[in-house]
Amino acid sequence: MEVFFPRTLAELWPLKAANPESAVMAGGTDLLVRLRKTGERPPAIIALERLAELRRMSIEGGGLRIGAAVTIGELAASEIVRDALPALWQAAAALGSPPVRHGATVGGNMCTASPAGDTLPPLYVYGAAVAVAGAAGCRRLPIGDFILGPGRTSLAPGEIVTDIIVPLPTGGAFSAYYKVGKRRAMAIAVASLAVCIVRTADGAAGKVRLAWGSVGPTVISLPAVEAFLAGKRLAPDVLRQAGAMAAAAVLPIDDVRASAGYRRSLAGNLLLKLAALGDDEQEDGR
Amino acid sequence: MIVRFTLNGRDVAIETTADRRVVDLLREDLGLTGAKECCGAGECGACTILVDGESRLSCLLLAAQLEGRDVLTAEGVAAGDRLHVVQQAFVDCGAVQCGFCSPGMVLATLDLLRRNPSPTREEARSALSGNLCRCGNYQKIVDAAVEAARRLNGGAG
Ligand SMILES: Cc1cc2nc3c(=O)[nH]c(=O)nc-3n(C[C@H](O)[C@H](O)[C@H](O)COP(=O)(O)OP(=O)(O)OC[C@H]3O[C@@H](n4cnc5c(N)ncnc54)[C@H](O)[C@@H]3O)c2cc1C
Ligand code: FES
Ligand code: FES
């Protein structure tokens, strides 16, 4: 099997055209595990790790543009991500283990499109867009339209993800990622929740964005729960009501890690993490 | 194809297939058995090596990816017969039981100390969380990582 290392996108397209059955590899932490497990052998691998255009991070017009081949370790080491996109930062720091994060990329996490992909719920609540390119040109779409189902994306043959563009939340927004796994490190999420809340002047929740991982075929957004919380103080009884709505609405499955019933309870109870935020707000308000 | 890279400070050029796993290249073609294969799927860290100073899993790397890189395996950590401070700390703290995880643990500790020269125990635990010890010797391994940092920072050894 040949392995190609294009240095530019201009070099990549002819390689893809000449090797239509080739596999794209970023960090290889999903791809190589899968090839070994299934015994599949693509005729060639096109590796993105030396493609400088895909390895950059830059602030552009109110958003952070993250190259698809930026590693999860680089995200977890980035001060901009830590300060401006804490939910994404927490997700990066909770993905796999240090040596996994040194290979794994944000584009790979997205294209694997696992319901347990840790960077996905944060990218949903921040309203991220995915930039996709092919030999014929580029297009940009919201992450919710890019991911179609477990392991399924809207990438057409010959296309790759080049960047993820994450709008930076306005000052005063609170965002976080809560992950429950079987152990603290190196554990796929049993359930997870990303939140991004813009608070109003009186300390209530203004705009609320929520996204759950590992409790459905893909990341789950529940606009009804967001609307219920909007404008309210996040007191425990309010969060419990919202949690009951969420627990009823998610679509979890039983698997080796947990039962569907346990995942349902977690999906609701993770909202109680926000009670501490309600307390802060009340203290702030006084 | 011929892959050229630096291995434990020496230039190597080796004929191999582009998609040969680095763990096989090291163990079977180059005779360096420090990196162990255990899970073959990224879960255990037994195959940890440093590539350009960063810990990577050699079971999830292809030979062609090493082109032009600087690779350090457990064999290259000591200076001749003189153990590296991290290795000596592993010995002194009793951090080696059967030793199967030790090459990976030592390299993961080097990666940690390069990023964070004075880790707390909690930071060391988290930095070594991708390396499993089948002997369950975690307390002493964390002792060794913290002790190595102390010695490297000028503490008496
Ligand atoms: C031990 C271990 C633990 C893990 N733990 C976690 C965890 O806790 N949480 C989690 O979310 N994941 C986890 N993973 C899964 C994996 O590490 C992540 O999904 C990672 O982000 C994948 O990125 P990658 O660059 O390695 O992808 P690759 O394996 O290189 O690629 C994955 C897929 O995406 C495609 N692809 C990659 N980049 C692009 C691109 N730019 N354009 C088009 N297609 C592309 C590839 O063709 C392939 O199909 C773990 C994996 C291992 C081995
Ligand atoms: S053998 Fe590579 S991580 Fe287990
Ligand atoms: S010392 Fe035996 S595996 Fe760690």
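**Figure 1. D92(B) and its salt-bridge partner R151(B).** In this predicted model, D92(B) is partly exposed, with a relative accessibility of 43%. Its side chain meets that of R151(B) in a salt bridge, with N and O 2.9 Å apart. D92(B) belongs to helix α2 of chain B, residues 85-92, while R151(B) belongs to helix α5 of chain B, residues 138-152, so this pair ties together parts that lie 59 residues apart in sequence. And is R151(B) buried or exposed? With a relative accessibility of 17%, R151(B) counts as buried.

**Figure 2. Helix α5(B) and the helices it packs against.** Let us stay with the helix that carries R151(B). The 15 residues of α5(B) should span 21 Å at 1.5 Å a residue, and the end C-alpha atoms are indeed 21 Å apart, so the two values agree. Which residues of α5(B) are buried? They are I141(B), V142(B), A144(B), A145(B), E147(B), A148(B), A149(B) and R151(B). These buried residues pack against three helices of chain B: α2, α3 (102-115) and α4 (121-127). After α5(B) comes G154(B), which has a positive phi near 100°.

**Figure 3. A salt-bridge network that takes in both chains.** Here is a good place to look at E37(B), which has a partner in each chain. Within chain B, the side chain of E37(B) meets that of R21(B) in a salt bridge of 2.6 Å, N to O. E37(B) sits in the loop between α1 (22-29) and β3 of chain B, and R21(B) sits in the loop between β2 and α1 of chain B, so their salt bridge ties together parts 16 residues apart in sequence. E37(B) is partly exposed at a relative accessible area of 30%, whereas R21(B) is buried at 12%. Across to chain A, E37(B) forms a salt bridge with R36(A), the closest N and O atoms being 3.4 Å apart. Salt bridges with shared partners join R36(A), R21(B), D24(B) and E37(B) into one network.

**Figure 4. Where chain A meets chain B.** Now for the interface as a whole. In it, 23 residues of chain A are in contact with 29 residues of chain B. The buried area between the two chains is about 2100 Å², and carbon and sulfur atoms give 54% of it. How many salt bridges are found across this interface? There are three; one of them is the pair of E37(B) and R36(A). Seven residue pairs are in polar contact between the chains, counting pairs with both residues at pLDDT 80 or more. On the side of chain A that touches chain B, α2 (31-38) and α6 (98-103) of chain A each supply at least two residues. The largest share of that side comes from α6(A), with five residues. Sorted by class, the side of chain A that touches chain B has twelve nonpolar, five polar and six charged residues.

**Figure 5. A salt bridge between E28(B) and R20(B).** Over all chains, the structure holds 24 salt bridges, and here is one in chain B. The side chains of E28(B) and R20(B) meet at 3.2 Å, N to O. E28(B) is exposed, with a relative accessible area of 58%. R20(B) counts as partly exposed at 22% relative accessibility.

**Figure 6. Two loop residues with positive phi.** Most residues other than glycine have a negative phi, which gives this view its interest. N8(B) is not a glycine, yet its phi is positive, at about 50°. Where is N8(B) found? It is in the loop between β1 (2-7) and β2 (10-15) of chain B, and N8(B) is partly exposed with a relative accessible area of 23%. D52(B), also not a glycine, has a positive phi of about 50°. The loop of D52(B) runs between β3 (48-51) and β4 (54-57) of chain B. At 42% relative accessibility, D52(B) is partly exposed.

**Figure 7. The surroundings of S192(A).** Our last stop is in strand β12 of chain A, residues 191-199, which holds S192(A). S192(A) counts as buried, with a relative accessibility of 1%. Its side chain makes a polar contact of 3.1 Å with the side chain of Y177(A). Which residues are in contact with S192(A), leaving aside neighbours within four places in sequence? They are P121(A), Y177(A), Y178(A), K179(A), A211(A), W212(A), G213(A) and L270(A).

Methods
Residues numbered from 1 in each chain as written. Chains lettered and ligands numbered in written order. Predicted model: local features only at pLDDT ≥ 70, side-chain atom pairs only at ≥ 80, totals over all residues. Heavy atoms only, no water. Contact = heavy atoms within 4.5 Å. Buried area = accessible area lost by both parts, 1.4 Å probe. Salt bridge = Lys/Arg side-chain N within 4 Å of Asp/Glu carboxyl O. Polar contact = N/O pair within 3.5 Å; in protein donor to acceptor, adjacent residues only side chain to side chain. Helix = DSSP H or I, 4+ residues; strand = E, 2+ residues; numbered from the N terminus. Nonpolar A, V, L, I, M, F, W, Y, C, P; charged D, E, K, R; others polar. Buried < 20%, exposed > 50% of the residue type's maximum accessible area, 1.4 Å probe, protein only. Expected span 1.5 Å × (residues − 1).
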